[in-house]
Amino acid sequence: MSTAKKEYKRVTVKSLVDMKKNGEKISMLTAYDYSMAKIVDAANVDVILVGDSASNVMAGHETTLPITLDQMIYHASSVIRAIDRALVVVDLPFGSYQSDSKEALRSAIRIMKESGAHAIKVEGGAEIKESVKRILGAGIPVMGHLGLTPQSIYKFGTYTVRAKEEEEATQLLQDAKLLEKWGCFGVVLEKIPAQLTKTVSESLSIPTIGIGGGKYADGQVLVIHDLLGMTHEFNPRFLRRYMNLYEDMSKAIGQYVADVKSRDFPNNEEQY
Ligand code: KIV
């Protein structure tokens, strides 16, 4: 297995499969707006996920369930206008693909047509077979998402690690194989034991992207607000914070308030 890094001027779904084949880890990060996506893309992140986590970090909802298809399209089109290199994957939101496969295809087409995104992501395995196959049949690349699937949070009742028991682990592996067989180009594995991620990753030729799935995934994804430390009440073990932006921003904004109140801002050089 070669570890030499190939340059990708534009990342495609095929590039991701090649990266796995070449032993190159895949970087994926969420973004939901133009300015953030511009920075993420310029930093050479391979995949930008316009996640339905926008429902949490952008809109302040407790779960991902309330976000609508129109809102996802708004976020996705803002991201698409910013990028030169990354592959942009957009979550189909809760309720836009589970009821029937024709509705699922209509939702996926709206995302592709109205935002210019490159691929969509859906949560689930065997139970969404018809939807996944119909979307793929229309030529739209699909990424799967297994393990802790936040759109099913009320079924799970908790955000704890999934598939620790053999039955659920076996089901997850079967679902991952099905997603590959149907033609998905990758699968997110959220909050499952590292050894299960290893088994799944070794069983598939399409890449696995972990979030709380450990080091054996073919790539990693994080929510950008968590990586930057903008969210400070969310502290799962899997999260590595690269900044404490909450603190830095609070300080900067506090200083601005103090400067306005004390008449320090604006000064003579900062006016016309
Ligand atoms: O919505 C999201 O941000 C996601 C990631 C957590 C994988 O699905």
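Helices and strands on this tour are DSSP runs, numbered from the N terminus, with a strand (E) having at least two residues. Keep that in mind for β1, which we will meet at the second pocket. The model you have open is predicted.

**Stop 1: the ligand**

Start by selecting the ligand and the residues around it. You should find 13 residues in this shell, with Gly51, Asp52, Ser53, Asp91 and Lys121 as the closest. Colour the shell by class and you will see five nonpolar, four polar and four charged residues.

Now show side chains and look at the ligand's oxygen atoms. Pick Ser53 to begin with: a polar atom of its side chain is 2.5 Å from a ligand oxygen. Move on to Lys121, where a polar side-chain atom and an oxygen of the ligand are 2.9 Å apart. Then try Asp52, whose side chain places a polar atom 3.0 Å from an oxygen atom of the ligand. How much of the ligand's accessible area does the protein cover? Of the 260 Å² that the ligand has on its own, 96% is covered by the protein.

**Stop 2: the largest pocket**

Stay where you are and switch on a pocket display, as the ligand sits in the largest pocket. The volume of this pocket is about 750 Å³. Its lining takes in 33 residues, and those closest to the centre are Ser53, Asn56, Val223, Asp226 and Phe234. Ser53 may look familiar: this residue is also among the closest to the ligand.

Next, select α3 (54–57), β6 (186–190) and β8 (219–222), each of which gives at least two residues to the lining. Coloured by class, the lining of the largest pocket shows 13 nonpolar, eleven polar and nine charged residues.

**Stop 3: the second largest pocket**

For the last stop, go to the second largest pocket, which has a volume of about 460 Å³. To centre your view, select Leu29, Gln220, Leu222, Leu227 and Tyr242, the residues nearest its centre among the 21 that line it.

Which elements should you highlight here, with at least two lining residues from each? Choose β1 (26–30), α2 (34–42), β8 and α10 (224–227). β8 is a useful landmark, as this strand also supplies at least two residues to the lining of the largest pocket. Finish on β1, the source of the largest share of the second pocket's lining, with four residues. A final colouring by class gives 14 nonpolar, five polar and two charged residues for this lining.

Conventions. Residues are numbered from 1 along each chain as its sequence is written. This is a predicted model: local features need pLDDT of at least 70, side-chain atom pairs count only at pLDDT 80 or more; totals for chains, interfaces and linings use all residues. Side-chain values use heavy atoms; hydrogens and water are left out. A residue is near a molecule or strand if one of its heavy atoms lies within 4 Å of it. A polar contact is a pair of N or O atoms within 3.5 Å; within protein, one must be able to donate a hydrogen and the other to accept it, and residues adjacent in sequence count only if both atoms are side-chain atoms. Accessible areas come from the Shrake-Rupley method with a 1.4 Å probe; for residues, only the protein chains shown count as cover. On a 1 Å grid over the protein atoms alone, a cavity is a set of points where a 1.4 Å probe fits but cannot get out, and a pocket is an open set with protein on both sides within 12 Å along at least five of seven lines; lining residues have an atom within 4 Å of a point. A molecule sits in a cavity or pocket if more than half of its atoms lie within 2 Å of its grid points. Ala, Val, Leu, Ile, Met, Phe, Trp, Tyr, Cys and Pro count as nonpolar, Asp, Glu, Lys and Arg as charged, and the others, Gly among them, as polar. Grid points are joined across faces, edges and corners, and a volume is the space filled by probe spheres set on the points.
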